[in-house]
Amino acid sequence: MNKTIIININGFIFHIEEDAYEILKNYMTEVKRHFLNSADSLEITTDIENRIAEMFTEILAEQNKQVIIDQDVTRVVEQMGSVADFESPEEATGRSNNYTYNNINKRKLFRDQEDHLIGGVCSGLANYFDTQTVWIRLAFAAAFAFFGTGLILYIILWIVTPRAVTRADRMAMRGEKLNLQGFKNNLEEELSAVRGHVSDFHNETKPLIYKVRDFGGDLFGQLGRVLVKLFGVAIILACMGLIVFLIIGLFVLVALGKHFAPFNDLPYDLLNHVYYTDFLYISAFLVGFIPALSIILFILKGIFNARSINRTAGSILLIIWLCSIGVFSFYCTKIAANFASSANFSETTSLNPSSSNVYYLELNQLKYLSSEDSVRLDVKSMRPNMQITDDPYDYNDFDHFRYRTVHVDIEKSDDGKVQMIKSYRARGHNYDEALANARNIKYGFSQQDSILKFDYRLYAKNDELWHDEELYITLKLPLNAK
């Protein structure tokens, strides 16, 4: 059990063990003493502290812990280098470092505000690719001729690329090592450049056009950040709306099902083939909910610098999402298996010919009841000659695919007889089951002299389950029939 304390490194709060703090304190005391007589002593020590804070943050995130120990401080000190490296450069050259914190020679992309015409994008790219700025500017100018591609690309890079504000940013942009030697060399270069320009200070006075340029660059940079944040807010609101809709939809589907009007168009005839539809609804909800929540957290972290969820919670969400996809895919596959095979058969019925050779086709409004319907409606207690009508035009879901499965064609009879050929088709898990489903189809038809009444839909044995039943009716009439 070790004692820990809380320290503040330029606004970054860290929990550190007491022994580790003593090592860090002694190290920073030596650094401040070494740079005490430098012109920019405060600036360079602040940059060094910021770099150390970044390294501590990366170590805590990498090792998924909350407290800095003495080994962490020792590794950071070895990476940054000690003051003794400046006093005895031969030893510094021969010293080996077995631990590599990160690739310190790797360049990072920033907008160079010291060498820019508009936003510093071209000079930043030139530093990143270690080439001359003029070639990058010529490339953007050439790309501008292709439908303004260069301008669009420049604006995008201007918005998304950060400025090199601190000394550490400028060093990372040029690929310089972020250690004590690197900070010292960078400081000496800046001081040498300042001394070289003192003699012709009057030539360094910026003309008005450069002041306008700098103002415009800052203005467009701020405007770009505002637009990015507004775009992020719009995406967050859209995802929140989707989440609210998913939550309401899940509750309604589980509690009310197809009796809720906004969900009337869902294929309940397919979903009824799964006995555990609640699992299907919940898995579909999680498949949409978790990505929407992740997008919100990602935007809050990337644009608004909000604190994100830890790695453990993220891993749990990922596992739940993958399991939901698996459950959803399992039930969808299970539903599809019930429609794997198809079967059909036909039957021919002779009709009475009309004396006038004229036939009238009408929709039958009589409702056909199953034995269960008769018991439920207590048909025996109804008055004599009472008819129950089933007007299809009163149905709000008349356009549902279930009621578009009866097809009627009229053809010329080859033998002059009036006939009706009915071809039934259905699907099932296998051929035998598909044929049984086709044979269970019931369809109402009646003839009254020259009036032929057709049902607007067909009925299956179990009307709750749908097996893609279809009925093709071919009405064969003699020549010159109307």
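**A walk from a pocket to a paired strand**

The second largest pocket has a lining of 16 residues, and those nearest its centre are T57, L60, A61, K65 and R307. Two elements give two or more residues to this lining, β2 (12–17) and α2 (41–63). The largest share, 4 residues, is the contribution of β2. Before going on, please keep in mind that this is a predicted model, in which local features need pLDDT of at least 70 and side-chain atom pairs count only at pLDDT 80 or more, while totals for chains, interfaces and linings use all residues. Residues are numbered from 1 along each chain as its sequence is written, and side-chain values use heavy atoms, with hydrogens and water left out.

A word on how such a pocket is found. On a 1 Å grid over the protein atoms alone, a pocket is an open set of points with protein on both sides within 12 Å along at least five of seven lines, and a lining residue has an atom within 4 Å of a point. The space in this one comes to about 850 Å³, the volume being what probe spheres set on the points fill, with points joined across faces, edges and corners. Sorted by class, its lining holds 6 nonpolar, 6 polar and 4 charged residues; here Ala, Val, Leu, Ile, Met, Phe, Trp, Tyr, Cys and Pro are nonpolar, Asp, Glu, Lys and Arg are charged, and the others, Gly among them, are polar.

Let us follow β2 away from the pocket. An open sheet of 3 strands runs in the order β1-β2-β3, with mixed pairing. Its edge strands, each paired on one side only, are β1 (4–9) and β3 (67–68). Strands and helices are DSSP runs numbered from the N terminus (E, at least two residues, for strands; H or I, at least four, for helices), and two strands pair if DSSP finds at least two bridges between them. Between β1 and β2 there are 6 bridges in the antiparallel sense, one of which matches I5 with I16 in β2.

Now turn to strand β7 (residues 419–428), where 7 of the 10 residues are buried, that is, under 20% relative accessible area, with exposed meaning over 50% and partly exposed in between (1.4 Å probe, protein chains only). Strand β4 (residues 341–350) pairs with β7 in the antiparallel sense over 10 bridges, and S342 has R427 of β7 as its bridge partner. Strand β10 (residues 470–477) also runs antiparallel to β7, joined by 7 bridges; there, I421 is partnered by T474 of β10.

R427 appears again beside N437, which sits in helix α16 (residues 431–439). A polar atom of the N437 side chain lies 2.9 Å from the backbone oxygen of R427. Beyond its neighbours within four places in sequence, N437 is in contact (heavy atoms within 4.5 Å) with A426, R427, G428 and H467. Why does N437 count as buried? Because its relative accessible area is 11%.

T405 lies in the loop between α15 (371–377) and β6 (406–412). T405 is also buried, because its relative accessible area is 4%. Not counting residues up to four places away in sequence, T405 touches L458, E469, E470 and L471.

Finally, visit L227 in helix α11 (residues 208–255). L227 is classed as partly exposed because its relative accessible area is 47%. Though 68 residues separate L227 and I159 in sequence, their C-alpha atoms are 9.1 Å apart in space.

Definitions and conventions. 1 Å grid on protein atoms, 1.4 Å probe; cavity = no way out; pocket = protein on both sides within 12 Å on 5 of 7 lines; lining within 4 Å. Polar contact = N/O pair within 3.5 Å; in protein donor to acceptor, adjacent residues only side chain to side chain.
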